[in-house]
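Here are some brief notes for someone opening this structure for the first time. They take up confidence, then strand pairing, then the nonpolar core.

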Amino acid sequence: MPPPPPRPIHISGHAREVRDFYATPAWVTEALLKHVTFRDKVWEPCCGTGAIADVLLRRGYPVVATDIAEHGYGQGGVDLLACTAMPPGCGALVTNPPYGDGGDQRDRARSPTALLDMIRHMLALTAAAEAQLALLVRLQWIAGKRAAALIQSGPCTRIITLTRRIRWFDQDETNNAQHHHAWIVFDHRRARRGPPGFILTD
Ligand SMILES: C[S@@+](CC[C@H](N)C(=O)[O-])C[C@H]1O[C@@H](n2cnc3c(N)ncnc32)[C@H](O)[C@@H]1O
């Protein structure tokens, strides 16, 4: 049998979940919390079924959980891109953002731009509230020219790289643990002094 044709690293070969829904395993958020303390109530604006929010709640953080879709957790029908401010009392935004193709194959080409736009929006919302921002992204993504410029435009304080790879779908044999991921952490209350701290953790 001939070998399969090469495919870009960001395409798994699987139909993407609707609105890019992938639940984050608990250890991933626990790894973040080993290295970062949030000041106030946390907003999880792409909460899905609450995988990140539940870990934060267990660690004692009050959480506001919203999502554009109805996943049966938190408040559905809230489009992050339409939000003009953080929810009252929130001093941090923590999420695993959607990659941006919304599950629509035709939109795949604009996916990288959609993620950049969403992160730009989250940086603006957190800047206005002098808040913290922690985003789970693919390690490879950070090194892209546009992503790097966006990250460097904000007060990035830490890049927490997970040495263990994330298994997104338990049932899948071929696409498990394809990428390494990292939390990029910003703090609009901290004047940037030098480059962000680089942490390797599991
Ligand atoms: C990769 S999943 C992550 C879910 C959850 N944060 C987790 O880590 O388990 C991305 C989530 O973003 C939501 N989403 C996509 N576009 C959104 C938007 N414009 N505003 C709010 N939520 C959005 C999807 O419905 C989905 O639940």
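**Notes on the model**

1. This is a predicted model. The pLDDT averages 86 over the chain, and 80% of the residues score at least 70. Residues 1–16 have a pLDDT below 50, and this stretch has 10 contacts in the model beyond near neighbours in sequence.

2. A second stretch to read with this in mind is residues 101–106, where pLDDT stays under 50. For these residues the model has 13 contacts beyond four places in sequence.

3. Strand β5 covers residues 156–162 and strand β6 covers residues 181–187; the two pair in the antiparallel sense, over 5 bridges. One position to look at is Thr161, whose bridge partner in β6 is Ala182.

4. β5 also pairs with strand β7, residues 197–201, in the parallel sense and over 5 bridges. Here Arg158 stands opposite Gly197 of β7. β5 thus has an antiparallel pairing with β6 and a parallel pairing with β7.

5. The largest nonpolar core holds 42 residues. Val42, Leu93, Leu133, Leu135, Trp183 and Ile184 have the most contacts inside this core. Helix α3, residues 111–128, supplies the largest share of the core, with 6 residues.

6. Which residues does Val42 contact, leaving aside its neighbours within four places in sequence? They are Leu56, Tyr61, Val63, Cys90, Ala92 and Val94. Val42 is also among the residues with the most contacts inside the largest nonpolar core.

Conventions:
Residues numbered from 1 in each chain as written. Predicted model: local features only at pLDDT ≥ 70, side-chain atom pairs only at ≥ 80, totals over all residues. pLDDT = per-residue confidence, 0-100. Contact = placed C-beta atoms within 7 Å. Pairing = 2+ DSSP bridges. Helix = DSSP H or I, 4+ residues; strand = E, 2+ residues; numbered from the N terminus. Core = buried A, V, L, I, M, F, W, Y, C linked by C-beta atoms within 7 Å. Buried ≥ 20, exposed ≤ 12 C-beta atoms within 10 Å, placed from the backbone.
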